[in-house]
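Got the viewer open and a cartoon on screen? Here's a short walk through the model, stop by stop.

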Amino acid sequence: MAEQTIRKYKLFWTWQDDKEEAWLGQMSQQGYHLASLGFPGFYYFTVGEPRNYVYRLDFLTQTKDYPQYLQLFKDAGWEHMGRMGGWQYFRILAQEGESPEIYTDPDSKIQKYGRLLAYLIIFLPIYLTIVSRNLTVQSHEVFRFAGFVLMVVYSVVIIQLIRRISQLKRL
């Protein structure tokens, strides 16, 4: 009998990785186990018996030592489920009442969000150049509005990541 696969669509902001992890865990407890990731927001699940998988996300852009990075997680019992952009998706089967973590201290989580923030800031000048050019040249009104909205969203993401880092520093 062929394994049944379903597709779900759900969007999360970059600073909501904890909510995304919780949602994936809830899906697993309902018998939907992450099989692969598609375009941002698209998740593919295999249908099976409910399990207590705990999902954790990490953000990594440097792939120089990628095989060693993945081996480190594998040695710790984590299964790599795939990646979406720089986000790496891992899962582990947990015992009832357990909630395994890949980061056990706030400083490690701060470093994760710092990597994400640095990634966004590196591309900020390029992004601003493209968007500001669309805002200033004689382009169609829709393109100017879309550029403005994207600039606002990009700014909100950066501000929210800074807030998340600040919250973790207070722990």
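Select Lys8 first: it's in strand S1, which covers residues 5-9. Remember as you go that this is a predicted model. Colour by accessibility and Lys8 comes out as partly exposed, because its relative accessible area is 31%, and that label runs from 20% to 50%.

Now show what surrounds it. Which residues does Lys8 touch, leaving out those up to four places away in sequence? You'll want Trp23, Met27, Gly41, Phe42, Tyr43 and Phe45 as sticks. Add Tyr44 too: its C-alpha atom is 6.4 Å from that of Lys8, although the two residues are 36 apart along the chain.

Zoom out to the whole protein chain. Count four helices and six strands, and trace them in sequence order as β-α-β-β-β-α-β-β-α-α. Draw a box along the principal axes and the C-alpha atoms fill roughly 60 × 40 × 30 Å. Of the contacts with a separation of 6 or more, 61% link residues 24 or more positions apart. Buried residues make up 37% of the 171 in the chain.

Next, switch on the surface. About 11,000 Å² is exposed, with carbon and sulfur atoms supplying 57% of that area. If you colour by charge, the 19 positive and 16 negative charges have mean positions 8 Å apart.

Last stop: helix H4, residues 141-169, where you'll find Phe145. Is Phe145 buried or exposed? It counts as exposed, because its relative accessibility is 56%. Select Trp13, Phe148, Val149, Val152, Val153 and Val156 along with Phe145, and you have a nonpolar surface patch with about 610 Å² of accessible area together.

Technical notes:
Residues are numbered from 1 along each chain as its sequence is written. This is a predicted model: local features need pLDDT of at least 70, side-chain atom pairs count only at pLDDT 80 or more; totals for chains, interfaces and linings use all residues. Side-chain values use heavy atoms; hydrogens and water are left out. Patches are made of residues with over 30% relative accessible area and no salt bridge: like charges are joined within 9 Å, nonpolar side chains (Val, Leu, Ile, Met, Phe, Trp, Tyr) within 5 Å. Accessible areas come from the Shrake-Rupley method with a 1.4 Å probe; for residues, only the protein chains shown count as cover. A salt bridge is a side-chain nitrogen of Lys or Arg within 4 Å of a carboxyl oxygen of Asp or Glu. Helices (H or I, at least four residues) and strands (E, at least two) are DSSP runs, numbered from the N terminus. Buried means under 20% relative accessible area, exposed over 50%, partly exposed in between (1.4 Å probe, protein chains only). Contact means heavy atoms within 4.5 Å. Lys and Arg count as positive and Asp and Glu as negative; His and the chain ends are not counted. The place of a charge is taken as NZ of Lys, CZ of Arg, CG of Asp or CD of Glu.
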